[in-house]
Amino acid sequence: MADPATYRPAPGSIPESPGVYRFRDEHGRVVYVGKAKNLRARLNSYFADFAGLHPRTQTMLQTASQVTWTIVGTEVEALQLEYSWIKEFDPRFNVRYRDDKSYPYLAVTLNEKFPRVMVMRGAKRKGVRYFGPYSHAWAIRETVDQLLRVFPVRTCSAGVFKRQEQLDRPCLLGYIDKCSAPCVGKVSEAEHRLLADEFCDFLAGNATRFIKRLERDMREAAASQEYERAARLRDDIRALEQALEKQAVVLPDSTDCDMVAFAEDELEAAVQVFYVRGGRIRGQRGWVVDKVEAVTTGDLVEHFLLQIYSESDSVPREVLVPEPPPDEAAMTELLSERRGGPVALRVPQRGDKKSLLETVARNAHEALKQHKTRRASDLTTRSLALRELQDALELDQAPLRIECYDVSNLQGSNVVASMVVFEDGLARKSEYRRFSIKAVEGQDDVRSIHEVITRRFRRYLAESEKTGELDALAEDPDAPDDAAHQPIDPETGKPRRFAYPPNLVLVDGGQPQVAAAQLALDELGIDDIAVAGIAKRLEELWLPGDDDPVILPRNSEGMYLVQRVRDEAHRFAITFHRQKRSKAMTVSELDAVPGLGPARRAALLKHFGSVKRLKEATPEQVAEVPGIGLRSAAAILAALHGTTDTGGKPA
């Protein structure tokens, strides 16, 4: 690790102009590329207060061994140069978007003599018109199958086209009128290209004129008693309408925009884009990015727009984003240059566009969730994560069973705690447990953690004693864990609660919480379970008695697993806390009345409207409620007023 002070530029040597800077490591490799309106102010911020920087930025500075910069004329030039260098050097600390899957496009090869309609994936080719992307290839094929009735463009490969040309007979599609058969000269090159152009125009949103033309031809055919031709035209119209129905109308017909939304956590972010053309959603695409540097949502927007549109010739008139990029004016100017016309970069505040952007955001959240699920379910990835944790925490064996504890409260009220369990890197939800804090008053996470750990492992010791595990281990300390451990209760056939010990106890917090957890285990005489804490602000791991935390690499599988375990514990605790708080808010004085069940409580509240009015009523008025007699009415009022029943009348 290099000391940033050793390569800090001399005072006054950095210009105050706009520019782009590069950090290089000791081998000359570029590890980070950035841009700035004022190079001096931006670079000085890296070296002025190293301790105050984000840990990811600190790691970048310690990896680098030199910094260089290039002056440019405008902020737009800085954006362009930054993107060019990121693409050229692929720096490890820059944000890099990657497709979360390969999205298919509907492509028309206008660069060929006889254009072909086909499904394509991967990098775009010059001279090919693309539509989409689509979520599924079958959606493209259904649309193409309907459109070929009206626009019988070639869909065959070059090999099939050449073979049919040599045989001088069309393929099956040519016989059923879903191909104009240019291979055998049924149409000329110009006529076939006109069909391809009309096919593209329809997909580009100019559908109305084709439907009107077919309707006019259908009426003329019917008027001249060409009923078979009229029927074919009617079916063609229905095919076009069905193709249009697959593309939902969400905005006015004149709307052409891309809608961009993000879902993110501390380690990763997912972005989804809806392509709206002619007021219809024409396609959808998603990316996932590892956050190897400290970035805001605005920074993510800027990186995304640079990467996606810098080499694209399909920039829309409007781009809707959740937050503006830091250099909004420069980004707008760059997009306008790429489009060759004005581009509006907006954050919708209300109306249909805001509603649709919220839908895009929900898709992004779902994409991030699915990505994490796929990543967590991979056996190789889970094994790597457990091995990294074992090495980082210096454990004797991989933490195959991890228990994580979190405390939740609202200003010291309804204090609860959660215990979640991960076995082999996967959540074991049947083993989750919830705790209501009993011995701690107010907001004291440290004492709450001590109470929870004590209660959990006191139960573990009791279960171990019940099954004879402690005696067995005392006789043979080297016996395997499962030699005497029987987590299944032979009487009920169900797993015993708290029967399994974990390899690693994680607590949500720093040194104080870790010390409390370790103290609880020491008091119980348990010395074979590792304890660590994870502090959310900097994602660092704390071990008992250590003054310095353990820092896992930001993009490591071990850090990803720890974060997922901690987040699951937090979610489970919050859910229990909300349930408990909700139940407390709905508690009524009637709940304490002996012998008064839910049905009669509901009947009383429905009749009187409130407990206050019920208290003001007489026994005779209460007895008017169906199911309640005079003696019961007197007892109810006596209980509400805190007196005793004196034989039918309040005391």
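Me: In which helix does Phe304 lie?
Reply: In this predicted model, Phe304 belongs to helix H10, which spans residues 297–309.

Me: Why is Phe304 called buried?
Reply: The relative accessible area of Phe304 is 0%. Buried means under 20%, so Phe304 is called buried.

Me: How far apart are Phe304 and Val260, in sequence and in space?
Reply: Phe304 and Val260 are separated by 44 residues in sequence, and their C-alpha atoms are 9.2 Å apart in space.

Me: What makes Cys156 buried?
Reply: Cys156 has a relative accessible area of 15%. The term buried applies under 20%, and therefore Cys156 counts as buried.

Me: Why is Cys156 not joined to Cys171 by a bond?
Reply: The cysteine sulfur closest to that of Cys156 is in Cys171, at 5.8 Å. A disulfide requires sulfur atoms within 2.5 Å, so this distance is too far for a bond.

Me: How do you know that the sulfur of Cys171 is too far from the closest cysteine sulfur for a bond?
Reply: For Cys171, the closest cysteine sulfur is in Cys179, at 5.4 Å. Set against the limit of 2.5 Å, that distance is too far for a bond. The structure holds zero disulfides.

Me: Which residues form the patch of negative charge on the surface?
Reply: The patch gathers Glu75, Glu77, Glu333 and Glu337. Helix H3 (75–89) and helix H11 (328–339) are the elements that each give two or more residues to the negative patch.

Me: Why is Glu77 called partly exposed?
Reply: Glu77, found in helix H3, has a relative accessibility of 38%. Buried means under 20% and exposed means over 50%, with partly exposed in between; therefore Glu77 counts as partly exposed.

Note on methods. Residues are numbered from 1 along each chain as its sequence is written. This is a predicted model: local features need pLDDT of at least 70, side-chain atom pairs count only at pLDDT 80 or more; totals for chains, interfaces and linings use all residues. Side-chain values use heavy atoms; hydrogens and water are left out. Patches are made of residues with over 30% relative accessible area and no salt bridge: like charges are joined within 9 Å, nonpolar side chains (Val, Leu, Ile, Met, Phe, Trp, Tyr) within 5 Å. Accessible areas come from the Shrake-Rupley method with a 1.4 Å probe; for residues, only the protein chains shown count as cover. A salt bridge is a side-chain nitrogen of Lys or Arg within 4 Å of a carboxyl oxygen of Asp or Glu. Lys and Arg count as positive and Asp and Glu as negative; His and the chain ends are not counted. The place of a charge is taken as NZ of Lys, CZ of Arg, CG of Asp or CD of Glu. Helices (H or I, at least four residues) and strands (E, at least two) are DSSP runs, numbered from the N terminus. Buried means under 20% relative accessible area, exposed over 50%, partly exposed in between (1.4 Å probe, protein chains only).
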